[in-house]
Amino acid sequence: PEFFMVNRALRAVRRSDVCLLVLDATAGVAEQDRVLAQKISDDGRACVIVCNKWDAVADKNDGTYDKAVKYVRSELPQVRWAPIIFISAETGQRVSKISPAIDAAVESHRRRFTTAVLNEVLREAVSWQPPPMRRSGASAKIYYCNQVSTRPPTVVVFCNDPALVSDNYRRYIDRKFREALAGFTATPIRWVYRGRRVRDV
């Protein structure tokens with residue numbers, strides 16, 4: 001039964017713009033949750049994480065909420081950008097927050113920023129932390145970027161050589177954009193790095 005449930009969920013992800021990833025707060029993150037989170041990220045869907053049965057979590061204290069958020073973030077890094085809502089379907093606790101979260105996710109998924117705004121953020125990020133130099137002495141040079149589509153927001157970054165832009169640096173750029181631009185909440189950002197010669201810039 002679990003196999004068929006996961007397959008139905010995977011098919012639903014393909015048909016969706018926004019996905020609610022529902023977790024059991026009393027059971028923790030299961031392997032099928034990780035599979036679904038990866039699918040949501042790979043397919044570029046917006047996402048809201050809903051942790052149900054929050055009322056059944058025993059011995060809650062002032063630190064329980066923060067610990068729970070940290071745990072979900074560490075277990076589901078694929079959707080680290082997704083907002084998390086802790087609810088109880090049985091008591092109705094915070095259920096009313098789901099619909100506004102979906103509306104906000106739809107808006108984020110369709111968000112478009114001007115090239116000027118994007119490049120201001122990019123310049124600040126690169127100025128604050130330039131791409132690291134490789135052992136060979138080569139380093140990436142980031143020139144400019146522009147958004148080419150939405151659903152999800154897709155940004156093309158022009159540089160001297162995409163192979164020189166490490167995964168860590170790509171995650172850094174993603175993080176700086178999310179910190180600077182609130183409109184990217186609840187949606188993945190697709191980053192496309194393209195090589196360009198200096199004289200073509």
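Which residue stands opposite phenylalanine 158 in β6? In this predicted model, the residue that faces phenylalanine 158 from β6 is arginine 194, and the close-up views below begin with the sheet to which this pair belongs.

**View 1. The open sheet of β4, β5 and β6.**
Three strands, in the order β4-β5-β6, form an open sheet whose pairing is mixed. The edges are taken by β4 (142-149) and β6 (190-195), each of which has a single partner strand, so one side of each is left without a neighbour in the sheet. On average, and with direction ignored, neighbouring strands of this sheet are turned by 25° against each other. Helix α6 (residues 167-180) packs on the sheet, where it touches β4 and β6, and the direction of α6 makes about 125° with that of β6. Together, β5, α6 and β6 make a right-handed β-α-β unit.

**View 2. Strand β5 and its bridge partners.**
Strand β5 (residues 154-159) runs antiparallel to β4, to which it is joined by six bridges, whereas β5 and β6 pair in the parallel sense, again over six bridges. Towards β4, asparagine 146 has valine 156 of β5 as its bridge partner, and isoleucine 142 stands opposite cysteine 159 of β5. Towards β6, valine 156 has valine 192 as its bridge partner, while phenylalanine 158 stands opposite arginine 194.

**View 3. The two covered faces of β5.**
Six of the six residues of β5 are buried. In a regular strand the side chains alternate between the two faces of the sheet. In β5 both faces are covered, with Thr154, Val156 and Phe158 buried on one side and Val155, Val157 and Cys159 buried on the other. Threonine 154, whose place is in strand β5, has a relative accessible area of 10% and is therefore counted as buried, the limit being under 20%. Not counting residues up to four places away in sequence, threonine 154 touches Asn146, Gln147, Val148 and Ser149, and also Arg190 and Val192.

**View 4. The turn between β4 and β5.**
The hairpin of β4 and β5 has four residues between the strands, and in it arginine 151 takes a positive phi near 55°. The peptide bond that leads from arginine 151 to proline 152 is cis, with omega near 0°. Proline 152 lies in the loop between β4 and β5.

**View 5. Helix α4 and its buried side.**
Helix α4 (residues 98-109) has 12 residues and reaches 16 Å from its first C-alpha to its last, which is close to the 16 Å expected at 1.5 Å a residue. The buried residues in α4 are Ile98, Ala101, Ala105, Ser108 and His109. These residues cover an arc of only 95° around the axis, which puts them on the same side of α4. An α-helix has 3.6 residues a turn, so residues three or four places apart point the same way. What covers the buried residues of α4 includes β1 (18-24), β2 (46-52) and β3 (84-86). Within this helix, serine 108 is buried with a relative accessible area of 5%. Leaving aside its neighbours within four places in sequence, serine 108 is in contact with Pro153, Gly183, Phe184, Thr185 and Thr187.

**View 6. Leucine 76 in the loop between α3 and β3.**
Leucine 76 has its place in the loop between α3 (64-75) and β3, and it is buried, with a relative accessible area of 1%. Residues up to four places away in sequence not being counted, leucine 76 touches Leu21, Leu23, Val29, Asp33, Arg34, Ala37 and Ile49. The C-alpha atom of leucine 76 is separated by 18 Å from that of arginine 170, which is 94 residues apart from leucine 76 along the chain.

**View 7. Two loop residues with positive phi.**
Lysine 53, in the loop between β2 and α3, has a positive phi of about 65° although it is not a glycine. Alanine 186, in the loop between α6 and β6, is a residue other than glycine with a positive phi, here near 75°. As to their surroundings, lysine 53 is partly exposed, with a relative accessible area of 39%, whereas alanine 186 is buried, with a relative accessible area of 3%.

Terms used:
Residues numbered from 1 in each chain as written. Predicted model: local features only at pLDDT ≥ 70, side-chain atom pairs only at ≥ 80, totals over all residues. Heavy atoms only, no water. Expected span 1.5 Å × (residues − 1). Buried < 20%, exposed > 50% of the residue type's maximum accessible area, 1.4 Å probe, protein only. Arc of directions from axis to C-beta. Contact = heavy atoms within 4.5 Å. Pairing = 2+ DSSP bridges. Axes fitted to C-alpha atoms, helices over the stretch in contact; angles between N-to-C directions. Right-handed = clockwise from strand over helix to strand, strands pointing away.
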